[in-house]
Amino acid sequence: MDLANIKTQSGKENQEDEVQVVEFIIGEDKFAVNLFDVREIVEASKITPLPHAPSHVRGIIDLRGEITTIVDLRQLLRIKASKDASTADLRFIVMDDTVSSQKTGIVVDEVTSVLTVPVTDIDQATKGGSDDGGHILGVIKKEVGERGESRKELVIWIDVRELITNMN
């Protein structure tokens, strides 16, 4: 999937040369998903485990009367746990109804911001292939710091639709 398809798929184009994403942290790495794939962000609540579920499915929660499956991106993306792996500060990014046939949320350590990213700041050469890592849309090069001392921070932009559709 390329940037043109992402814009068309969302049904909302803000500008030809910009993309909006939700940035979040898992472990020590920064990731982003398309803003229009996100329904809401909620604080973690008690997860009810599902017997015989795959390791990347943490369980289910009752989110305002709707059963929502919680997927652990750390497991799905094979990211090592950070030193402080407490569940007290976790957040759920609840996906839009168009992403999956069932209500789905992903667990992340922290949601940091909503970014409007110029297409020129996205490196698509690192885009994942269809075999392994096909869920990577590109790497966002984000400018951080004060003027004169700014540096580039890398944010991995993932295709959450592809990831959730292909998880078994």
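**Two sheets, two cores and a set of salt bridges**

In this predicted model, strand E2 (residues 29-34) and strand E11 (residues 151-158) run parallel and are joined by two bridges. One residue pair helps to locate the contact by eye: phenylalanine 31 has isoleucine 156 as its bridge partner in E11. Both strands belong to an open sheet of six strands, whose order is E8-E1-E2-E11-E10-E9 and whose pairing is mixed. Strand E8 (110-118) and strand E9 (122-123) each have a single partner strand, so one side of each is left without a neighbour in the sheet. As a reminder, strands of a sheet pair through backbone hydrogen bonds, either parallel or antiparallel.

Another open sheet, this one of five strands, follows the order E3-E6-E7-E5-E4, again with mixed pairing. Its edges are formed by strand E3 (38-43) and strand E4 (57-63), each of which pairs on one side only. On average, neighbouring strands of this sheet are turned by 30° against each other, direction ignored. Within the sheet, E6 and E7 run antiparallel and are joined by four bridges; valine 94, for example, finds its bridge partner in E7 at glycine 105.

The loop between strand E6 (91-95) and strand E7 (104-108) is the place to look for aspartate 96. This residue counts as partly exposed because its relative accessibility is 25%. Beyond residues up to four places away in sequence, aspartate 96 touches Phe36, Asp37, Val38 and Arg39. With aspartate 37 the C-alpha to C-alpha distance is 5.2 Å, although the two residues are 59 apart in sequence.

Turning to the interior, the largest nonpolar core has 21 residues, and those touching the most other members are Phe24, Leu73, Ile93, Met95, Ile106 and Ile158. Two or more residues each come from strand E1 (18-26), E2, helix H2 (73-76), E6, E7 and helix H3 (160-166). Isoleucine 106 gives a good view of the surroundings: leaving aside its neighbours within four places in sequence, it is in contact with Val71, Leu73, Arg91, Phe92, Ile93, Met95, Val160 and Ile164. A second core, separate and made of 10 residues, includes Val117, Ile122, Leu137 and Trp157.

Charged side chains also meet, with 15 salt bridges in the structure. Glutamate 23 is a handy starting point, as it takes part in a salt bridge with lysine 30 (3.6 Å, N to O) and in another with lysine 142, where the closest N and O atoms are 2.8 Å apart. Glutamate 23 is buried, with a relative accessible area of 0%, and lysine 142 is buried as well. Lysine 30, by contrast, is partly exposed at 22% relative accessible area. Because glutamate 23 lies in strand E1 and lysine 142 in strand E10 (residues 136-144), their pair ties together parts that are 119 residues apart in sequence.

A further salt bridge links glutamate 153 to arginine 151, with 3.7 Å between the closest N and O atoms. Here glutamate 153 is buried, at 16% relative accessible area, whereas arginine 151 counts as exposed, at 51% relative accessibility. Elsewhere, salt bridges connect Arg39, Glu40, Arg64, Glu66, Asp97 and Lys103 in a network. One member of this network, Arg39, also appears among the residues touched by aspartate 96.

Note on methods: Residues are numbered from 1 along each chain as its sequence is written. This is a predicted model: local features need pLDDT of at least 70, side-chain atom pairs count only at pLDDT 80 or more; totals for chains, interfaces and linings use all residues. Side-chain values use heavy atoms; hydrogens and water are left out. Two strands pair if DSSP finds at least two bridges between them. Buried means under 20% relative accessible area, exposed over 50%, partly exposed in between (1.4 Å probe, protein chains only). Contact means heavy atoms within 4.5 Å. A nonpolar core is a set of buried Ala, Val, Leu, Ile, Met, Phe, Trp, Tyr and Cys residues joined through side-chain atoms within 4.5 Å. A salt bridge is a side-chain nitrogen of Lys or Arg within 4 Å of a carboxyl oxygen of Asp or Glu. Axes are lines fitted to C-alpha atoms, for helices over the stretch in contact, and angles run from 0 to 180 degrees between N-to-C directions.
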